Amino acid sequence: MIVKLCKVLGILFWVGILLACGNEPAPLEQAVQPVQRTGLTDGDDWHVEAAAQPETITDAMGFVWQTEQFADVQILRYQVPGWDQLSLRQKQLAYYLTQAGLAGRDIMWDQNYRHNLAIRKLLETIYTSYTGNHDALGWRRFESYLKRIWFANGIHHHYANTKFVPGFSREYFLELARGSGVEVSAEFMAVIFDPAVAAKKVELDPDKGLLESSAVNFYAPGLTTAEVEAYQRTLVDPADPTPISHGLNSRLEKDNAGRIIERVWKSGGLYGSAIDAIIRWLERAVTVAENDAQAAALEKLIEYYRTGDLRLWDAYNILWTGTTGGDIDYINGFVEVYADPLGYRGAYETIVQIKDFDSSARMRVLMDHASWFEHHAPFLDAHKRKDVVGIVYNVVNVVGEAGDASPSTPVGVNLPNADWIRARHGSKSVSIGNIEQAYLETSGTLLADEFAHDEQEIEWNRLYGEQVDQLHTALHEVIGHASGMLEPGVGDPSETLKNYASTIEEGRADLMSLYFMPDPKLIELGLLPSPDAGRCAYDDYIRNGLLQQLRRLEPGADIEEAHMRNRAWIARWVLEQGRADQVIAEVKRDNQTYYDIRDYEKLRALFGRLLREVQRIKSQGDYAVARALVENFGVKVDPALHAEVLARAEKLKIPPYAGFINPRLEQVLDSAGNIIDIRLEYPQDFATQMLSYSKQYGFLPGPMTDAP
Ligand SMILES: [Zn+2]
C-alpha cells in the first residue's frame, strides 16, 4: 500500500500531505482541491504574447528545488543524500534497478487509457516540431496541457480522474498540427476535445457503472461490471489460506466466441516487449546484488515476469519482505489496485531507494531506548508494557521512480499488499525522506511565515523545523505506536473504539512524541540540538492543528481524515484546558488569528494529562469518552476561522499537487571503457526529462490494446 504509513508529522504536518494509516487509496498530494480549469472558447486570446513564467525556488546553496509551476501542479527536484556513501557496486545496482523501472514506464500509460500513448506521441510531435510562435498564450496553454498529461501519465487528472480540458480551441490546435506537419484523426480530436469521450479514468459511483463509465484500460470496452465480477468469482477458492491476487497482472477481454479471456502482462504476453526490457535490466541487477537474499528475490521476480504466474509473485514478495540486509531496496511490479474501479488489477510501478543513513542511526538510538520511554511515559501503571521493543521503521531516499510512483510520488510505502503474506511474513514500511525534504524546502517555510505568531517562532522553524519534524515522525512511529498495553480481556481497539480507533491511536502516538519532545533525555541522546528546538516542535504542532491544516478542507466540510482529526482534538483540547492559565494565547492582529504559546512547561503537562487519558481510553476500550473527545474537539470547524485560513493560504499560491523530476544516473567510464563511477545529474526542466523518457523507454510499439 502506498502511503499507508502511520506517519503524522512528516510532510503532512508542515506542508499538509494527506496520509492515512488506513486503507484509503493513496492521496499522494499536498492537498485535495478541485481541479482548476481554464476554459477558453474559440476566438479567444490565444495569439496574445504570454507573460514570463518564473516560479523557480532555489536555496542558498544554489540548488533548484522547484523548476516550474503549471495548472495545479508544482514540479520539484529531490536530492539523494547518502549517494556518495555507496560503493560502486551498490551504485550499479541502483542504476540497473532504475533502468529496469523506467523500461516499464509506458505500461502505466497504456493501462490508464488505451489511447494515451498515441495521444502523447501526437502532442510530443507537435511540441518538438511546431515552428510557429512559442511565446503566444495559446502555445503556453498547449504546453501546460501536455505537461499536465505528462504529469498524470495520461489524459486524466491523476487525482480527480477527470479528463483534462484543453485551454485552447480546436482551431488553434489544428493550426499547431498543420504547423508541425501532423494529421489529427477525428477520433483523437474527440478524445481531446469532446467532454463526453473517456470523461473519467476511474468511476467509483456504482450507479454510473464502475466499468461502464471508467476509461481505464484494464478491461476491453464492452465488458460489463456484472460480467467481470461473475468471472472473478469463478477464480476464487474460499478455502485457500494463501490465495493469489487473481487478476493482478492481466487485462480482461472477450474472445471471438464471447468468452472472457485474460491477456497476461508477461514476457511474450501483453506488454511483453517492455517486460523483456525490464527483465534484461533485472538480470544485470542480480549480478551486483548486495547479498544472496536480494539476488534470490530478484531472480524470483524475473521468473514471475517470464511466466506471469501469480504464485511466483507471492513467492517473490515473501523473499522481498525478508530482504532487509542491504542499503538499497526497490519496488517493481504491478502493485496497487486503486486505478481499477473493481480493485483487481495492478498499476505498473517502480521505486528505487537507498537507506537514509542518518535517520537509520536516529531510529537505532530510539529503538535501543524504547524501554526508557515506556518507563517514563505518564501512563497508569496497568497500561505500561513491561518489556518493549520499538517498531522497525525506516526512512529511505529515492533515487528513481516511474509508473504509478512518478512524477506524482508517495511519501511512504508499506508492502506487500496480500493480507496473508503480511500476517505470516510481515511487511516493509518506509517513509521517503528526500521527497519530504523537497516539500519542506518549497512550501514549509512559506506556511510558517504566514501563520506563525512572531519572529522567534519563524526563526526557530527555519533553524530546527526539518530536524524536529524528522524526530517527531521517528518518535511517533518507533516509540508512540509501540507503547502502552490493553487491560486483560479488553478487545482490539477496532472493536471497542470502532470508527474512532484510528484517530485515537494516531493521536496517542503524536502525544507520546509531544510529551517527550522537550525532555532533556532527547538532548542527552543527541537527537535534539537544544531546548529551543523542542519549543519549535510545540509551536509547529499547535499552529498546524489550530490553523494551517484547515487549508486542506473545502468550505463547510467537517474534518474527516484520522490524522487531521487527531491534530485538531489534541491542539484544541490543550488550548481549552490551558485557557485559564493563558498557556496558549489567542491573538488577533490585523483581523488575523495567531496562537502564541506562553508557557511551554504547562503545555507539556497538558500533553501528559491527555496522553494518560487517551492511553486509558485505548487500554479500557472506552468508546463513549473516545467519541466525546473526537466529536467535541476534532470534527467541527469554525466557519469564520476556516474562511480566514483559506484566504491566507490562497495568497501563498502553493499548488495543491506536486511532482518530481528524477535525477539522471550517468555512468562514468575510464579510458578503457570500464565503469568507474555513477554520477547523479539533475535535469533542469520537466519537459526535457519527459521527452527523453518517451524516446529512451518507448518499449511499447504501436497500439497495444485496441478493442477486439
Ligand atoms: Zn501513526
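**Exercise 1.** In this predicted model, find which residues of α3 meet which residues of α4, then work out how the two helices are oriented.

*Solution.* Start with the contact itself: Asp106, Trp109, Asp110 and Asn112 in α3 meet Asn116, Leu117 and Arg120 in α4. Sorted by class, this contact has 2 nonpolar, 2 polar and 3 charged residues. Next, take the axes: those of α3 (residues 105-112) and α4 (residues 116-129) cross at roughly 110° and come within 7 Å. Angles of 65 to 115 degrees count as roughly perpendicular, so α3 is roughly perpendicular to α4.

**Exercise 2.** Now try the pair α16 and α20: at what angle do they pack, and how far apart are their axes?

*Solution.* Helix α16 (residues 455-480) packs against helix α20 (residues 531-546) at about 90°, and their axes are 8 Å apart. That angle makes α16 roughly perpendicular to α20. Then look at who takes part: on the α16 side the residues include Trp460, Tyr464 and His472, and on the α20 side they include Arg535, Cys536 and Asp540. By class, the contact has 6 nonpolar, 4 polar and 5 charged residues.

**Exercise 3.** Trace the open sheet of 5 strands and decide which strands stand at its edges.

*Solution.* First write down the order, β6-β7-β8-β10-β9, with mixed pairing. Strands β6 (328-336) and β9 (412-415) each have a single partner strand, so one side of each lacks a neighbour in the sheet: these are the edges. From one strand to the next, the twist averages 35°. Finally, zoom in on β7 (residues 347-355) and β8 (residues 394-403), which pair in the antiparallel sense over 7 bridges. Here Gln353 stands opposite Val398 in β8.

Conventions
Residues are numbered from 1 along each chain as its sequence is written. This is a predicted model: local features need pLDDT of at least 70, side-chain atom pairs count only at pLDDT 80 or more; totals for chains, interfaces and linings use all residues. Two strands pair if DSSP finds at least two bridges between them. Helices (H or I, at least four residues) and strands (E, at least two) are DSSP runs, numbered from the N terminus. Axes are lines fitted to C-alpha atoms, for helices over the stretch in contact, and angles run from 0 to 180 degrees between N-to-C directions. Angles under 35 degrees count as roughly parallel, over 145 as roughly antiparallel, 65 to 115 as roughly perpendicular and the rest as oblique. Two residues are in contact if their C-beta atoms, placed from the backbone, lie within 7 Å. Ala, Val, Leu, Ile, Met, Phe, Trp, Tyr, Cys and Pro count as nonpolar, Asp, Glu, Lys and Arg as charged, and the others, Gly among them, as polar.
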